[in-house]
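Visitor: I would like to learn how to read a structure feature by feature. Could you take me through one?

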Amino acid sequence: MNVEEVTERAEPRAFSPHDDMPEEYRKAATRMIQFHANSEIMGAYLERPFIRQAPSLDRKLAFSAKVQDEIGHGQLLYRAAESLGIKTRAEMLDELATGEGKFLNCFHYPMTEWWETPMIAFFVDGAAMRRQATIKRTSWEPYAHAMDKICFEEGFHIKHGEDIMRTLATGSRREQQLLQEAFEEWWPRILQFFGPTDDRSTHHDFSERVGLKTMSNDELRQAFLNAYLPKAQKYGLEIPDEPRIRKEDGRYIVEEDDLDWEEFWEIASNEYAGSHEQIDSRAATQEAVAWVRNAIDRSEQP
């Protein structure tokens, strides 16, 4: 098929490894899925310390299960990307370790305190669910199929994050204050989760034309705001004065010029100070478990 034929046939789960897809489609889909897989892995690394730091056994068990889920999601997605024939799973993991692979902006920032965890486990996972639910209708069938399992498990993650937030929001005045401070620090980053504004997005038009994406960055950001700004207020969080948010015709709209896009693009190129820390940590872990991969490879040899 050529791109024009793909465009005509594009619909949810229309294409599989049995189809002769043009290179332009395969490269675009690989870039999109690899970014998603990398983000699942790096999000797990950000939350991994809370398996030990969580304040109760139940919370530790929940974080342990969540981190395992996220790593599993990453592996599923690497396999979906690999099915496009552009890169192998090993190549994509190597790119992540060397800093060539890209991942979501929120996972470039350090998260060290317990009261920050709802920012990822509730708000960021909630934003991810907004996007992932639309990907269940993507045109690359292996990607959509992976979303069935991922969305099911992410629903539990969000409920866990909301439960932590509810506990902090109804806790002591000190806990409420710390939760508010974390929210003010993370809120602008969370609003940038969906990527650059539509007029600066370089990949959306082609991806939408061939059915890889069904909603633009701004549309997803709008949908997230409508759903999660009321949830933040429900738990007593005060919305920061900036970025400014106004309500029109029942919808919340963010003044996107108030967001720090210079920092966003620095992160997007893996050049932010926190990026190096997260990538180096990932690389060290990959090197530390190289003996496991080598042992498995040897066991599979005839």
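Visitor: Which helices each supply at least two residues of the lining of the second largest pocket?

Guide: A general idea comes before the case: rolling a probe the size of a water molecule over the atoms shows where empty space is left. In this predicted model, the helices that each give at least two residues to the lining of the second largest pocket are α2 (23-47), α4 (57-82), α5 (89-98), α12 (273-288) and α13 (290-300). The largest share, four residues, comes from α5.

Visitor: How many residues line the second largest pocket, and which lie nearest its centre?

Guide: The lining has 18 residues, and Q75, L93, R282, V289 and R293 are the ones nearest the centre. By character, the lining residues divide into nine nonpolar, three polar and six charged. The volume of this second largest pocket is about 460 Å³.

Visitor: Let us stay with α2 and α4 for a moment. Where is Q34, and is Q34 buried or exposed?

Guide: Q34 sits in helix α2. Buried means under 20% relative accessible area, so Q34, at 6%, counts as buried. Its side chain makes a polar contact with the side chain of K87, at 2.9 Å.

Visitor: And what is there to see around α4?

Guide: Start with S56, in the loop between α3 (50-53) and α4. S56 is partly exposed, with a relative accessible area of 29%, and its side chain reaches the backbone nitrogen of R59 at 3.2 Å. Within helix α4 itself you will find D69, which counts as partly exposed at 23% relative accessibility. D69 and R89 are 20 residues apart along the chain, and their C-alpha atoms are separated by 18 Å.

Visitor: Now the helices themselves. How do I read the length of α6?

Guide: Here is the general idea: an α-helix has 3.6 residues a turn, so residues three or four places apart point the same way. For length, use a rise of 1.5 Å a residue: the 19 residues of α6 (residues 117-135) should then span 27 Å, and the end C-alpha atoms are 25 Å apart, which agrees.

Visitor: Where does α6 bend?

Guide: The bend is at D125, by about 30 degrees. As for its surroundings, 17 of the 19 residues of α6 are buried, so this helix is largely enclosed by the rest of the structure.

Visitor: How does α8 read by the same approach, and where does it bend?

Guide: Helix α8 (residues 173-191) also has 19 residues. From its first C-alpha to its last α8 reaches 27 Å, close to the 27 Å expected at 1.5 Å a residue. The bend in α8 is about 35 degrees, at E185, and a proline, P188, follows within four residues. Among the buried residues of α8 are F183, W186, W187 and R189.

Visitor: I would also like to check the backbone. What kind of peptide bond joins E242 and P243?

Guide: Omega is the angle to look at here. Between E242 and P243 omega is about 0 degrees, and the peptide bond is cis. P243 belongs to the loop between α10 (217-234) and β1 (245-248).

Visitor: Which phi values should I look at after that?

Guide: Take two residues that have a positive phi although neither is a glycine: D249, at about 50 degrees, and N270, at about 60 degrees. D249 lies in the loop between β1 and β2 (251-254), while N270 is in the loop between α11 (261-268) and α12.

Visitor: Are D249 and N270 buried or exposed?

Guide: D249 is exposed, with a relative accessible area of 79%. N270, at 4% relative accessibility, counts as buried.

Visitor: One last reading, please. How far apart are V3 and T197, in sequence and in space?

Guide: In sequence they are 194 residues apart, and in space 26 Å, C-alpha to C-alpha. V3 has its place in helix α1 (residues 3-9), and at 11% relative accessibility V3 counts as buried.

Technical notes:
Residues numbered from 1 in each chain as written. Predicted model: local features only at pLDDT ≥ 70, side-chain atom pairs only at ≥ 80, totals over all residues. Heavy atoms only, no water. Expected span 1.5 Å × (residues − 1). Bend = angle between axes of the 7 residues up to and from the residue. Buried < 20%, exposed > 50% of the residue type's maximum accessible area, 1.4 Å probe, protein only. 1 Å grid on protein atoms, 1.4 Å probe; cavity = no way out; pocket = protein on both sides within 12 Å on 5 of 7 lines; lining within 4 Å. Points joined across faces, edges and corners; volume = space filled by probe spheres on them. Nonpolar A, V, L, I, M, F, W, Y, C, P; charged D, E, K, R; others polar. Polar contact = N/O pair within 3.5 Å; in protein donor to acceptor, adjacent residues only side chain to side chain.
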